[in-house]
Amino acid sequence: MDCNTCDSAPAITINVPEVVQVDLTMTVKANEMLASAFGDDRSHALLVGVLSGGCSGYMYDLQIVESTDQDCQELDIDGFRILIPNATSHLLDGIEIDYVEKMMGGGFKINNPNADSSCGCGESFS
Amino acid sequence: MRILLVAVVSHSPEVFNVGIIALDGYVLILRGDRILDFIDGLSTNLVDGNCTTVFTTKNAKIIDMVEIIPIGDLVAVVGYGPYKDQILSHLTAKVLGSKITIGDASDSNQVMLSTEDINLGTSITKVKTFRGWLLIGPKDKCPKENLTKEQFDEYRVNNIIPHQGHEITQNVHPLSCGLGHLVHENKGCYIGQEILARMRSRGRQGKRLIRIENPAEDATTIGETHSLVIRK
């Protein structure tokens, strides 16, 4: 392949989804677990993102961060800072953040009304 | 090239149809952070460099089989022309906030397949695949086609090589059309992985690509004496 032809390849327009003002709720259990993780320090935030991949196409990406270079909307849920990247807001509107105990250990779980289906492990959705 | 073709024919019937054929292919150019990881998370094979892989739907049906060719800081994705729109739709929906750009170099590049390793100029990218040597380059610098479609089909039938539009279609999953070797067993999650893994673990792969003697009513590719079929 001629690198000159690569450089001149017309760019494909990637449609940026409309940014949605996310409505988000959190269960009591999730609230307790976040309080336990953050302690009294509210300087950090829970970043709820979405990555491509997983068995169904999209995977949740939860991180505790102080800040991020992603363009985010910040929500205050029960005193916790929740960051939602605008690029994935259309996939996260209406979600409920839950925390579930499992035999293999507990973890946050996202209940997402936008998901048509999810994989067996629950970490991936489409 | 024709002289070479005749010479090989007379010596080795097993490699009867050697030569070069033009394919109906697209060439997408992906740039950005962790492109190989991005493709790896969406396709069946382990993508950590030059390889062939298959994009599948969540039902494990094929979207397209593509060649992944890293070139410096970009990655070329070479697939089957009629499936380009579906691949683009699939990829662009997964970019999300990633710093990934996609360019379309299909018009300026010709995709060809050579059944043997040949020496070419530096402007032609040559990669070895299970089908033969894939050649991609500017149209005015590509070698001339010297294999007819019928000869190429005969080559594929003899070597049980599936091809897009024949065996590799969007109605089948990779295990049934001879692409099982492109479905990595333990690479982790990708779209369609659960279904393909279940088929393998339960030994229920359903139909398979086989070569049978003519005639075959359900042939996907008809050769002179044998055909390729997808059967249980």
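This is a walk through a predicted model, stop by stop, with something to select at each one.

Before you click, note that residues are numbered from 1 along each chain as its sequence is written, and that chains are lettered from A and ligands numbered from 1 in the order in which they are written. Because the model is predicted, local features need pLDDT of at least 70 and side-chain atom pairs count only at pLDDT 80 or more, while totals for chains, interfaces and linings use all residues; side-chain values use heavy atoms, with hydrogens and water left out.

**Stop 1: a strand in chain A**

Select A:Val65. You've landed in strand 3 of chain A, residues 58-65. (Helices, H or I with at least four residues, and strands, E with at least two, are DSSP runs numbered from the N terminus.) Is A:Val65 buried or exposed? Its relative accessibility is 11%, so A:Val65 counts as buried. (Buried means under 20% relative accessible area, exposed over 50%, and partly exposed in between, using a 1.4 Å probe and protein chains only.)

Now show what surrounds A:Val65. Setting aside neighbours within four places in sequence, A:Val65 is in contact with A:His44, A:Ala45, A:Leu47 and A:Leu83. (Contact means heavy atoms within 4.5 Å.) Add A:Leu46 too: it sits 19 residues from A:Val65 in sequence, but their C-alpha atoms are 6.3 Å apart in space.

**Stop 2: salt bridges**

Next, go hunting for charged pairs. How many salt bridges are there over all chains? The count comes to 10. (A salt bridge is a side-chain nitrogen of Lys or Arg within 4 Å of a carboxyl oxygen of Asp or Glu.)

Pick A:Lys29 and A:Glu101, whose side chains meet in a salt bridge at 3.7 Å, N to O. A:Lys29 is in helix 2 of chain A (residues 28-38) and A:Glu101 is in the loop between strand 6 (96-100) and strand 7 (107-111), so this pair ties together parts that are 72 residues apart in sequence. A:Lys29 is partly exposed at 31% relative accessibility, while A:Glu101 is exposed at 53%.

Staying in chain A, select A:Arg81 and A:Glu74. Their side chains form a salt bridge of 2.9 Å, N to O, and A:Arg81 is partly exposed, with a relative accessible area of 21%.

Then hop over to chain B and pick B:Asp153 with B:Lys149, a salt bridge of 2.8 Å, N to O. The two are four residues apart in helix 4 of chain B (residues 149-159), which means about one helical turn separates them. B:Asp153 is buried at 9%, whereas B:Lys149 is partly exposed at 43%. Add B:Arg156 and B:Glu167 to your selection, and you have a network of salt bridges linking these two with B:Lys149 and B:Asp153.

**Stop 3: where chain A meets chain B**

Colour the two chains differently. Here 30 residues of chain A are in contact with 37 residues of chain B. The area buried between them is about 2,300 Å², and carbon and sulfur atoms give 64% of that. (Buried area is the accessible area, with a 1.4 Å probe, that two parts lose on being put together, summed over both.) Which three residues should you highlight on chain A? Go for A:Met1, A:Ile12 and A:Cys55, which supply 33% of the area chain A buries against chain B, more than any other three residues.

Don't look for salt bridges across this interface, as the rule finds zero. For a close-up, select B:Gln193, in helix 5 of chain B (residues 193-201). B:Gln193 is buried, with a relative accessible area of 18%. Not counting residues up to four places away in sequence, B:Gln193 touches A:Cys55 and B:Gly188.

**Stop 4: the two domains of chain B**

Hide chain A, then colour chain B as domain 1 (6-137) and domain 2 (149-231). (Domain bounds come from an automatic or database domain assignment.) Their centres, taken over C-alpha atoms, are 18 Å apart. The contact between them takes 33 residues from domain 1 and 30 residues from domain 2. About 2,900 Å² is buried between these domains, with carbon and sulfur atoms giving 62%.

How many salt bridges does the rule find across this domain interface? The rule finds one. Finish by selecting B:Lys187 and B:Asp40, whose side chains meet in a salt bridge at 3.1 Å, N to O.
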